Amino acid sequence: MRKHLLSLAVMLTVCTAMVNAQNYKMYDFSNYEWEDEYGDIYDSMWGIFYKASANGRYAVGADTMYGSGVCFLWSVFEPDDLTIINNTLLRVSLADVSDEGVIVGSFEVPNPEDPEALGVCYPGWRTADSEWHQLPVPDNFSEYYATAQEYIEEARAITPDGMYIAGNMHITQGYKENPIFGTVESAYVLPCLWTKKADGYELTKVYDELYKNSKVYKDGAFVDGPDSVTVQTFMVYDISDDGNTIVGVNTAGTGGQNPAVIRNGQLYQIFDCGEEEYADELKNFNGGVCNHIDKQGNVYGYYQLNDTSVKFFTLTSNDELVYHDEFIVCTTADGKEIPQSFNGLPYTMSCSDDGSLVVGGSIVSAGFGSVNAPALLWDEESSTSIQRPDAEDINVDVDFRGGQLFVNGLYKNATVYDAMGREVAAGGQGRSFNLASQPSGVYIVKVDTKEGTRTFKIGN
């Protein structure tokens, strides 16, 4: 599904627009050199960044071409580099990342009896420095389909605070006898929700009854859907900060892909591709997706009709359907809309709350045609990744890695001194400090807050 959306995203690129007069620097990793598990060196990287963290510190992505399993993490601490999370042929994916660097996706557990055979894939979470942690699955989780399919048993969205994770997995519906294949397992891909508990997560909900009391958008409002509305595959694309709303695409029994929203456990289909009972209507198998929900509860997406024309839409928080001339991929916390092609980035996939980080991909030639390569725009000067606007209760502390210093929390001014007491850097709220060019040694960081000055010692 994700590869299909990526191809369509390139096809739907319509224009380049400026949202903000920001001083972006392009980071294009198409020529990034990386090493696989066998020690072979590659001097090109294909793929895309899927998501940026809300605070703009991190971005995650993966190869989208040949299922090589290569996944990577970008951070503001080392903006010119990537952290390779997986360089093996195991089926691993990175789908989203929280403000604290908690990554969600999927990972394959090798078959212990036959290392050459496919293993079982599970939804999971991890950090850059940890191993994968399997998210709980229900008793009717289908290990058969989790072995045969790729990138379906996946955690696909995490809230900025890491409290909620949404994803999807194959859930067994039963077994049928087939005259050729014998006993055949039937399973649907259903959305699910995990909630943070202690040092891990618990499975809060598997949405296995979405077809009951579903809603369909008609004539400017959601009305009770027909009994024929079914759910065979719901793929998650985003989750609201409070975990109450999940957005994505519902593939019904006819195969039509319906942009849809799950609110408090109930299915709301924005467009209806048609069901078998509607014999007088032309079914639409193109469909679309809801790809983003902003902080105000507005949902963004697209829908392609049978005649291949495309509707780019916003479903507002009060259920008004508004159409656009271009695909709005993401929005900033203050409501600025970032379109699919933005400021020299051929297509975008996600952005930070402050708009200083916009991630997606470039398009490069690979000899046999054009391919995607991970690329992003970062405006270091206007970045507020040090402090999210709503984090008023965060205590002041410092974070120093890779020559980059961040001051967390609310403060008035921060000043950095060398061991001789000479000032080497200073700045107000929201600034980062690049100390990579400074000599090695001990540095003192003084941070002025409304409660006084705090002093920290760091080593460069």
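Arg263 lies over the face of the Tyr268 ring, at 4.9 Å from the ring centre. The model described here is predicted. Tyr268 also takes part in an aromatic pair, with Phe222 as its partner. The two ring centres are 5.0 Å apart, and the ring planes stand at 85 degrees. Planes over 60 degrees apart count as edge-to-face. The pair of Phe222 and Tyr268 is therefore edge-to-face.

This pair links distant parts of the chain. Phe222 belongs to strand E18, residues 221-224. Tyr268 belongs to strand E22, residues 266-269. The two residues are 46 residues apart. Both partners are buried, a class that requires a relative accessible area under 20%. Phe222 counts as buried because its relative accessibility is 15%. Tyr268 has a relative accessible area of 14%, so Tyr268 is buried as well.

The structure holds 21 aromatic pairs, among them the pair of Phe222 and Tyr268. Ring pairs also join Phe29, Tyr32, Phe49 and Phe72 into a cluster. A charge over a ring is found at Phe406 too. There, the charged end of Arg57 sits over the ring, 5.3 Å from the ring centre.

The secondary structure comprises two helices and 39 strands. Strands of a sheet pair through backbone hydrogen bonds, in either a parallel or an antiparallel sense. One open sheet has four strands, in the order E9-E10-E11-E12. Its pairing is antiparallel. Strand E9 (93-97) and strand E12 (133-134) are the edge strands of this sheet. Each of these edge strands pairs on one side only. Strand E10 spans residues 103-109. E9 and E10 pair in the antiparallel sense over four bridges. Asp96 has Val104, in E10, as its bridge partner.

Values for the whole protein complete the description. The protein has 460 residues, and buried residues make up 53% of them. The exposed area is about 20,500 Å². Carbon and sulfur atoms supply 46% of that area. Contacts were also sorted by separation along the sequence. Among contacts between residues at least 6 apart in sequence, 50% join residues at least 24 apart.

How values were computed. Residues numbered from 1 in each chain as written. Predicted model: local features only at pLDDT ≥ 70, side-chain atom pairs only at ≥ 80, totals over all residues. Heavy atoms only, no water. Phe/Tyr/Trp six-rings, centres within 6.5 Å; stacked < 30°, edge-to-face > 60°. Buried < 20%, exposed > 50% of the residue type's maximum accessible area, 1.4 Å probe, protein only. Lys NZ or Arg CZ within 6 Å of the ring centre and 35° of its normal. Contact = heavy atoms within 4.5 Å. Areas by Shrake-Rupley, 256 points an atom, 1.4 Å probe, with all protein chains shown as cover. Pairing = 2+ DSSP bridges.
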